Amino acid sequence: MLRTSYHLFRCFNKRGLLWKQSPRYLTEDEKRDLPAIGRYRSPWKMFKKEMKDYVEGNITPVEPEIPLETDALIIGGGAIGSSVAFWLKQRNPKGFTVTVIERDPGYTQASSMLAVGGIRHQFSVPENVQMSMFTSEFFRNIKEYLSVLDSDPPDVQFNHQGYLFLVPEERAEYLAKSVEMQNNLGAKIRLMNPEKLAQKFPWLNLDGIALASYGMEGEGWFDPWLLVRALKAKNISLGVQYVKAEVVDFDMKEMGLPGKKEWVLNSTVLKSPEGKLFKCRMSYVVNCAGPWAGQIAQMAGIGIRKEEGLSIPLPVEPRKRFVYVVHCPDGPGIEAPLTIDTTGVYFRREGLGGYYLCGASPSSEEEEPDTSNLDVDFSFYENHVWPALSYRVPKFEVSKLKSAWAGFYDYNTVDQNLIIGHHPYHTNMLFANGLSGHGIQHAIPIGRALMELLIDGEYKTIDLSRFEFQRFIDNEPIQEMAIV
Ligand SMILES: Cc1cc2nc3c(=O)[nH]c(=O)nc-3n(C[C@H](O)[C@H](O)[C@H](O)COP(=O)(O)OP(=O)(O)OC[C@H]3O[C@@H](n4cnc5c(N)ncnc54)[C@H](O)[C@@H]3O)c2cc1C
């Protein structure tokens, strides 16, 4: 009885707050930003539905930190989820409620925390170039965007050392064309022949290299953790609610005209750390679950159910990648760019104490490591990374492997590119997934693009419409060739 009264009290109290957020209580400025999100719902109907669920035992009485409902529910509080939340709240702090559901607030497995933090303008798909350039510009003005009153201004420790792609003869023409496209979009990439490379990077072994491209502005690496921390702190100051819970299912509701019925996602089922189940109603749900995005889509029947529009899966799965930390006091030094060898093996400096990070992707599907854990395969370093690294930069022959970690790429198995926007059937589910190793540098423009899509109904800053889920239905993949 006491629990019921508490629940009733909370329901009324919550509805009172919601009532105040209905359009008639908003200022003209706030109303302007409301069309796509923040729709008014009848408090009485919501209350009746909630009581029905409660009486039928479908929901546990709500504890204070789990909201009964929210306008935008974001699954995953990594770089991309936090960026979506940031842009939504930044656009209109009071216009709608934004809730981020994160099952692991320590981010022990999130790709955002385990990334190498590289940012480059050198991609083969123009929108990827534009997104990276947007991030570089954002970093220039990060204090303006992410400062929080009475806290130290954010600093993501951007090292502007550039990227250096090395290619053999057979890929030289493709590289030159890519660089032309990148420079036409405003990037500052320079082609370098072996003579120029020898002058600028005397530590390189140039055997087998016909051409290289070197980013002279806005490229390098930053600290991904500092970016997520700054976004989260800013979001909390703007009123975003971060909730520790796991999304385990969706509740669907039948809607539409007779003969044209469709199922819409009505609420998200959340499991609290204590194992209790809750329902949180939402207008929109944004899938920012990184490597686990495919599983979230399956919970909504995507790729599982037979209805038209639901049969095609979200093609995202975790793929394990290793990062090795080597010590090489006499290595290439402070000016070395993030270098990608002809073999795909990369390295970059880490700090100023002679440490370097290095790694590579497996060369075939058959070599993909087991994804049931985050254990490191040291033999991959011995057999694959070290031989290529010490061949290309002989100074690494006397390096020492100090430590290593593994993380999951949010891998898009179809075309290794972003999947963004509404699902064609569950139109209130949006995606921001499948970055396949370039998501930390694209998190900022992706969040902005989704905000524009939700509020303005179209992409305004960078047109990302080619990256929508529809491309899988139309069988029109957009292959990114520069995947590391
Ligand atoms: C080793 C490595 C190196 C990389 N290097 C680079 C690089 O140099 N440059 C670059 O741009 N990118 C890089 N990336 C890729 C980049 O890290 C990712 O693309 C990006 O971080 C994805 O961000 P995200 O927020 O979507 O995912 P994540 O950071 O993984 O966040 C997803 C969150 O969702 C949460 N979640 C999942 N399922 C649920 C659920 N059911 N309920 C609640 N919460 C849930 C998870 O706990 C997680 O915190 C690298 C990745 C790895 C692994």
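These legends walk through a few close-up views of a predicted model.

**View 1. Helices α4 and α13 cross at an oblique angle.** Here we look at α4, which covers residues 79-91, and α13, which covers residues 439-455. Their axes come within 8 Å and cross at roughly 40 degrees. That angle falls outside the ranges for roughly parallel (under 35 degrees) and roughly perpendicular (65 to 115), so the pair counts as oblique. The crossing of α4 past α13 is right-handed.

**View 2. Who touches whom between α4 and α13.** On the α4 side, the contact is made by Ala79, Ile80, Ser83, Val84, Trp87, Leu88 and Arg91. From α13 come several residues, including Gly439, Ile440, Ala443, Arg448, Met451 and Ile455. Sorted by class, this contact has 13 nonpolar, 3 polar and 2 charged residues.

**View 3. An open sheet of 8 strands.** If you step across the sheet, you meet the strands in the order β5-β6-β4-β13-β14-β15-β12-β16, and the pairing is mixed. At the edges stand β5 (189-192) and β16 (400-412). Each has a single partner strand, so one side of each has no neighbour in the sheet. From one strand to the next, the twist averages 20 degrees.

**View 4. Inside that sheet, β4 pairs with β6.** Strand β4 (residues 163-167) and strand β6 (residues 211-215) pair in the antiparallel sense, with 4 bridges. To find one of these spots, look for Leu164, whose bridge partner in β6 is Tyr214. Helix α12 (residues 378-392) packs on the sheet, where it touches β4, β12, β14, β15 and β16. The direction of α12 makes about 60 degrees with that of β12.

**View 5. Strand β10 and its partner β9.** How much of strand β10 is buried? Of its 10 residues (262-271), 7 are buried, so β10 is largely enclosed by the rest of the structure. Strand β9 (residues 246-255) pairs with β10 in the antiparallel sense over 9 bridges. One place to look is Met255, which has Glu262 of β10 as its bridge partner.

**View 6. A hairpin made by β10 and β11.** Strand β11 (residues 277-287) also pairs with β10 in the antiparallel sense, over 5 bridges. Val269 stands opposite Lys279 of β11. Between the two strands of the hairpin there are 5 residues. In the turn, look out for Gly275, which has a positive phi of about 90 degrees.

Notes. Residues are numbered from 1 along each chain as its sequence is written. This is a predicted model: local features need pLDDT of at least 70, side-chain atom pairs count only at pLDDT 80 or more; totals for chains, interfaces and linings use all residues. Side-chain values use heavy atoms; hydrogens and water are left out. Axes are lines fitted to C-alpha atoms, for helices over the stretch in contact, and angles run from 0 to 180 degrees between N-to-C directions. Angles under 35 degrees count as roughly parallel, over 145 as roughly antiparallel, 65 to 115 as roughly perpendicular and the rest as oblique. A crossing is left-handed if the near helix is turned anticlockwise from the far one by less than a right angle, and right-handed if clockwise. Contact means heavy atoms within 4.5 Å. Ala, Val, Leu, Ile, Met, Phe, Trp, Tyr, Cys and Pro count as nonpolar, Asp, Glu, Lys and Arg as charged, and the others, Gly among them, as polar. Two strands pair if DSSP finds at least two bridges between them. Buried means under 20% relative accessible area, exposed over 50%, partly exposed in between (1.4 Å probe, protein chains only).
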